[in-house]
Amino acid sequence: MAWQGIEGHDAIVDFFRRAAAKRRLSGSYLFLGPAGIGKRTFALKLAQALLCQTRAEALMDPCGQCPACAQVIAGSHPDVMILSRPDDRAFIPVELLIGDRDNRMGSGFCRHVHLKPYSKRRRIGIIDDADYLNAEGANALLKTLEEPPPDAVLILIGTSPAKQLPTIRSRCRQVRFSPLSTETVADLLISFGWVENADEARRLADWSGGSLTQARELADPTLWEFLERWYAALSRGDFDAITWSKEIRQFVEAASKETFPRRRRLQQVASLSAEFFLRLAQERLAAEAGTLQSAPTEGVDHPIPHTARPSASGWHASDEAAVASAELCLAVYAAVERNANPATLIDAWVFKLRQAMRDEPIAPLLPF
Ligand SMILES: [Zn+2]
């Protein structure tokens with residue numbers, strides 16, 4: 001059953017409810033799991049539960065109506081601070097954590113956490129982009145993580161454990177969030193009114209990797225128009241590298257004039273390209289094992305036309321080529337994360353991808 005409208009994380013709700021009932025909440029938590037599965041929403045619900053004026057903390061069941069609950073959701077509760085990485089910065093600047101160089105601890109996240117609670121209940125600090133703490137930022141946080149004030153709860157939100165510095169991991173209680181089920185993603189797409197048609201919700205959920213954010217991004221029809229042509233090129237096993245470098249660049253630039261949406265779109269194209277090759281490899285394995293089954297989306301109107309879907313019959317290169325191609329696409333995704341120049345990256349990717357797909361030896365994947 002959903003807790004407070006949050007689907008798919010019941011075991012974590014039980015974990016916090018037990019800890020709260022025994023008054024044994026930790027001071028520092030590290031929430032980990034793929035993007036877009038509800039970790040931030042969960043952190044805010046937890047903040048509500050700890051500050052609600054009508055329901056005791058131990059119940060872990062905030063009313064959602066009282067002024068404190070309303071302020072948490074509106075982002076205006078004086079005891080709750082949410083810190084995110086600014087769009088134009090590769091890492092969370094240390095000033096946002098401990099204040100300016102001339103006035104350390106005069107402002108910033110750590111100072112907020114150490115102030116006395118206005119509500120006389122708790123101080124809560126949420127770092128929404130813990131993946132983007134560099135060594136300097138992590139060092140600035142260590143003392144606060146190690147010895148948070150007794151009434152403070154810190155929640156760091158990140159994706160994979162590998163992206164967290166060991167100094168951070170060792171000082172926080174780790175809470176692992178799993179991807180949402182396909183059914184849950186489809187239900188949420190409908191209930192939020194983002195998709196009207198149940199079949200469409202289901203097929204977007206099938207491609208979402210259990211991430212609601214990704215499913216919502218996939219609902220963009222221009223993405224599928226582009227993918228339909230790109231997948232058709234990939235299905236043929238060969239394409240013109242110059243033409244496709246240009247096509248991908250134009251599609252990425254059409255996302256926005258701003259940098260962030262462009263980078264995000266390139267990551268989408270890279271991850272959906274990886275998905276193409278992974279599904280192709282799966283289909284080949286199934287075909288070899290004689291257990292070829294219909295795609296999981298059988299019976300619904302697939303967003304990709306039949307001719308452009310990963311097809312074992314149209315693929316003449318080796319299984320290794322499919323896997324190498326998928327790895328190449330995932331390396332592009334990671335390179336975007338590291339702020340690689342998109343235009344140079346696209347050129348190198350498309351050129352190498354064509355080699356990989358044709359079983360030709362390719363230069364080392366990284367650096368791009
Ligand atoms: Zn309340």
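**Figure 1. Overall size of the protein, a predicted model.** For 368 residues, a compact globule would come out with a radius of gyration near 21 Å, and the protein's 23 Å agrees with that. Put a box around the C-alpha atoms along the principal axes and you get roughly 65 × 50 × 35 Å. Inside that box sit 15 helices and five strands.

**Figure 2. Burial and contacts across the chain.** How much of the protein is buried? Buried residues come to 38% of the 368. As for who touches whom, take the contacts with a separation of 6 or more: 72% of them link residues 24 or more positions apart.

**Figure 3. A look at leucine 115.** You'll find leucine 115 in a loop, with helix H5 (109-114) on one side of that loop in the chain and strand S3 (123-127) on the other. Leucine 115 has 13 C-beta neighbours inside 10 Å, so it counts as partly exposed; a buried residue would need 20 or more, and an exposed one would have 12 or fewer. Leucine 145 is 30 residues away along the chain, and 15 Å separates the two C-alpha atoms.

**Figure 4. Helix H11 and its partners.** Helix H11 covers residues 221-235, and at 1.5 Å a residue its 15 residues should span 21 Å; the end C-alpha atoms are indeed 21 Å apart. Which residues of H11 are buried? They are Phe226, Leu227, Trp230, Tyr231 and Leu234. These buried residues pack against two other helices, H12 (241-253) and H13 (259-288).

**Figure 5. Just past H11.** After H11 comes glycine 237, and its phi is positive, near 85 degrees.

Conventions:
Residues numbered from 1 in each chain as written. Predicted model: local features only at pLDDT ≥ 70, side-chain atom pairs only at ≥ 80, totals over all residues. Helix = DSSP H or I, 4+ residues; strand = E, 2+ residues; numbered from the N terminus. Rg over C-alpha atoms; globule rule 2.2 N^0.38 Å. Contact = placed C-beta atoms within 7 Å. Expected span 1.5 Å × (residues − 1).
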